[in-house]
Amino acid sequence: MARRIDLADDALVIRFTGISRLAVLADELRIPYTQIVGVSVGTATLPGAFTWRMGMNASPFGETRKGRFRIGGKWEFFDVDDRDRTVVIDTNGWRYRRVILTVDDPETTARKIRAKLA
């Protein structure tokens, strides 16, 4: 994955490089911990083929979703290749209602983010 997740003192920072940067149409996401209201592992739903988006959607041929998707009138950010290995970050008042990322070890990643929220 051409993405790096850093747990800075004041924010969760997600940096994109290479082709991944082009697919998600972003260089960096910086989410202040004060705007994160929940962190969970795994997502049951992915945006459908006709969801309004700015990015890439491989539906119905796979689980790949990359970029911004408009769901229920709100923007959500996806960088997903495998829904079973995702971390879901719910926010309040930030530009995306939710950020969903595929990571190698979702349980550990979620635990580290939650520790920063405490």
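Of the 118 residues in this protein, 42% count as buried, where buried means under 20% relative accessible area, exposed means over 50%, and partly exposed is in between (1.4 Å probe, protein chains only). What you're looking at is a predicted model, in which local features need pLDDT of at least 70 and side-chain atom pairs count only at pLDDT 80 or more, while totals for chains, interfaces and linings use all residues. Residues are numbered from 1 along each chain as its sequence is written, and side-chain values use heavy atoms, with hydrogens and water left out.

Let's start with confidence. pLDDT is the predictor's confidence in each residue, on a scale from 0 to 100; the protein averages 84, and 78% of the residues score at least 70. Helix H2 comes out highest, at a mean of 97, whereas strand E5 (residues 53-57) is lowest, at 56. Where pLDDT is low, the predicted coordinates should not be read in detail.

Now the overall layout. The protein has two helices and nine strands; these are DSSP runs, numbered from the N terminus, with helices (H or I) needing at least four residues and strands (E) at least two. Along the sequence they follow the pattern β-β-α-β-β-β-β-β-β-β-α. Taking contacts as heavy atoms within 4.5 Å, 41% of those between residues at least 6 apart in sequence join residues at least 24 apart. On the outside, the accessible surface comes to about 6300 Å², 51% of it belonging to carbon and sulfur atoms; the areas come from the Shrake-Rupley method with a 1.4 Å probe, and for residues only the protein chains shown count as cover.

On to the inside. A nonpolar core here is a set of buried Ala, Val, Leu, Ile, Met, Phe, Trp, Tyr and Cys residues joined through side-chain atoms within 4.5 Å. The largest one holds 19 residues, and Leu12, Ile14, Leu29, Ile36, Ile89 and Val99 touch the most other members. Two or more residues each come from strands E2 (11-16), E3 (28-32), E4 (36-41), E8 (86-91) and E9 (98-102), and from helix H2 (106-117). E2 supplies the largest share, three residues. Val99 is a good place to stand and look around: not counting residues up to four places away in sequence, it touches Ile14, Leu29, Ile31, Phe77, Val87, Val88, Ile89 and Trp94. There is also a second, separate core of six residues, including Phe78, Val80, Val88 and Ile100.

Follow Ile14 next, which sits in strand E2. Ile14 counts as buried because its relative accessibility is 0%. Setting aside neighbours within four places in sequence, its contacts include Arg3, Ile5, Leu29, Ile31, Val99 and Leu101. Ile14 and Leu29 are 15 residues apart along the chain, yet their C-alpha atoms are separated by 5.1 Å. E2 and E3 themselves run antiparallel and are joined by five bridges; two strands pair if DSSP finds at least two bridges between them. One of the bridges matches Arg15 with Glu28 in E3. E3 has a covered face, Leu29 and Ile31, and an uncovered one made of Glu28, Arg30 and Pro32. In a regular strand the side chains alternate between the two faces of the sheet.

Two charged residues are worth a detour. Arg3 lies in strand E1 (residues 3-7), and it counts as buried because its relative accessibility is 13%. Its side chain makes a polar contact with the side chain of Asp79 at 2.9 Å, a polar contact being a pair of N or O atoms within 3.5 Å; within protein, one must be able to donate a hydrogen and the other to accept it, and residues adjacent in sequence count only if both atoms are side-chain atoms. A polar atom of the Arg3 side chain also lies 2.6 Å from the backbone oxygen of Thr102.

The other is Glu76, in strand E7. Glu76 counts as buried because its relative accessibility is 3%. Its side chain makes a polar contact with that of Arg97, at 2.8 Å. Beyond four places in sequence, Glu76 is in contact with residues including Gly67, Phe69, Tyr96 and Ile100.

That brings us to the E6–E7 hairpin. E6 (residues 65-71) and E7 (residues 74-80) pair in the antiparallel sense over seven bridges, with Gly67 partnered by Phe78 in E7. Two residues lie between the strands, and Gly72 in the turn has a positive phi of about 60°. E6 is mostly covered, with five of its seven residues buried.
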